[in-house]
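Work through the exercises below with the model open. Try each task before reading its solution.

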Amino acid sequence: MRILIVEDETGIATFLKQGLEEEAFAVDLAEDGKSGLQMALSDEYDLLLLDWMLPGHSGIEICTQFRKVNRETPIIFLTAKDTVDETVFGLRAGANDYIKKPFNFEELLERIKVQLRPKSGNHYLFTLGNITLNTDTHQVHKDEQEINLTQKEFALLEYLMRNKGKVCRRTRIIESVWDIHFDYNTGVIDVYINALRKKLLLMDDDNYIQTVRGVGYIAKEL
């Protein structure tokens with residue numbers, strides 16, 4: 001999952017980026033409102049974290065402009081503004097949630113997970129055939145057997161399972177899972193897909209992760 005942080009306080013931005021990357025999110029930073037709005041409008045993000053007071057455009061301005069073209073992507077405000085009127089104003093501008101500085105990282109992480117929950121079903125448990133992935137416990141099972149994955153393997157499988165039934169293009173995978181958004185040899189994806197298939201013991205009759213030649217991969221029920 002890919003998150004955009006628009007925050008002009010370097011210490012907070014660096015702290016957030018490091019913490020979220022340790023949780024296997026891909027993270028981009030913008031230090032001012034103008035570049036933040038441009039990046040947000042690229043439609044490459046699963047969630048936006050916006051500071052309220054920013055040079056260039058304010059967080060409110062970014063939120064308002066973004067909502068004109070995108071009603072779905074969650075937005076969370078990070079701000080020192082703390083009156084009821086300010087909170088209501090931010091939510092009415094289109095934000096999904098609001099957390100006041102100073103904040104606890106664990107609380108912010110849970111609020112992010114809430115916003116990224118699937119629209120239906122369990123909010124932390126994803127299934128693909130007889131494979132289950134639990135984002136809360138960071139575990140993967142095939143039937144009753146736990147499968148040990150590296151952090152990157154887990155992030156790749158989570159991305160595919162969150163997008164089950166949809167073709168995941170190689171460029172989106174490399175951006176969302178590897179946090180690489182420039183011309184890059186995406187052959188690394190094939191290496192990790194092969195590792196996943198091997199660890200999950202996927203054979204021809206239960207190959208839930210299929211190659212879409214020339215495009216990417218799709219996780220789907222058989």
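Four exercises follow, each with a worked solution.

This is a predicted model, in which local features need pLDDT of at least 70, side-chain atom pairs count only at pLDDT 80 or more, and totals for chains, interfaces and linings use all residues. Residues are numbered from 1 along each chain as its sequence is written, and side-chain values use heavy atoms, with hydrogens and water left out.

**Exercise 1. The sheet**

Task: Give the strand order of the open sheet and find its edges.

Solution:
- Strands are DSSP runs of E with at least two residues, helices runs of H or I with at least four, both numbered from the N terminus.
- Two strands pair if DSSP finds at least two bridges between them.
- The order of the five strands is β2-β1-β3-β4-β5, and the pairing is parallel.
- β2 (26-30) and β5 (97-100) each have a single partner strand, so they form the edges.
- On average, neighbouring strands are turned by 20 degrees against each other, direction ignored.
- Take one pair: β1 (residues 2-6) and β3 (residues 47-51) share four bridges in the parallel sense. Here Ile5 stands opposite Leu49 in β3.

**Exercise 2. Helix against helix**

Task: Describe how α6 and α8 pack.

Solution:
- Axes are lines fitted to C-alpha atoms, for helices over the stretch in contact; angles run from 0 to 180 degrees between N-to-C directions.
- The axes of α6 (residues 151-162) and α8 (residues 187-199) come within 10 Å and cross at roughly 90 degrees.
- That makes α6 roughly perpendicular to α8 (65 to 115 degrees).
- Contact means heavy atoms within 4.5 Å. From α6, Lys152, Glu153, Leu156, Leu157 and Leu160 meet Tyr192, Ile193, Ala195, Leu196 and Lys199 of α8.
- By class, this contact has seven nonpolar residues, no polar and three charged. Nonpolar covers Ala, Val, Leu, Ile, Met, Phe, Trp, Tyr, Cys and Pro; charged covers Asp, Glu, Lys and Arg; the others, Gly among them, are polar.

**Exercise 3. A loop residue**

Task: Place Asp179 and list what it touches.

Solution:
- Asp179 sits in the loop between α7 (170-178) and α8.
- Leaving out residues up to four places away in sequence, Asp179 touches Arg2, Lys17, Glu21, Ala26, Val27, Asp28 and Ile174.
- Leu50 is 129 residues from Asp179 in sequence and 19 Å away in space, C-alpha to C-alpha.

**Exercise 4. Cysteines**

Task: Are Cys63 and Cys168 buried or exposed?

Solution:
- Buried means under 20% relative accessible area, exposed over 50%, partly exposed in between (1.4 Å probe, protein chains only).
- Cys63, at 0%, counts as buried.
- Cys168, at 3%, counts as buried.
- The structure holds zero disulfides (pairs of cysteine sulfur atoms within 2.5 Å).

Key:
Parallel < 35°, antiparallel > 145°, perpendicular 65-115°, else oblique.
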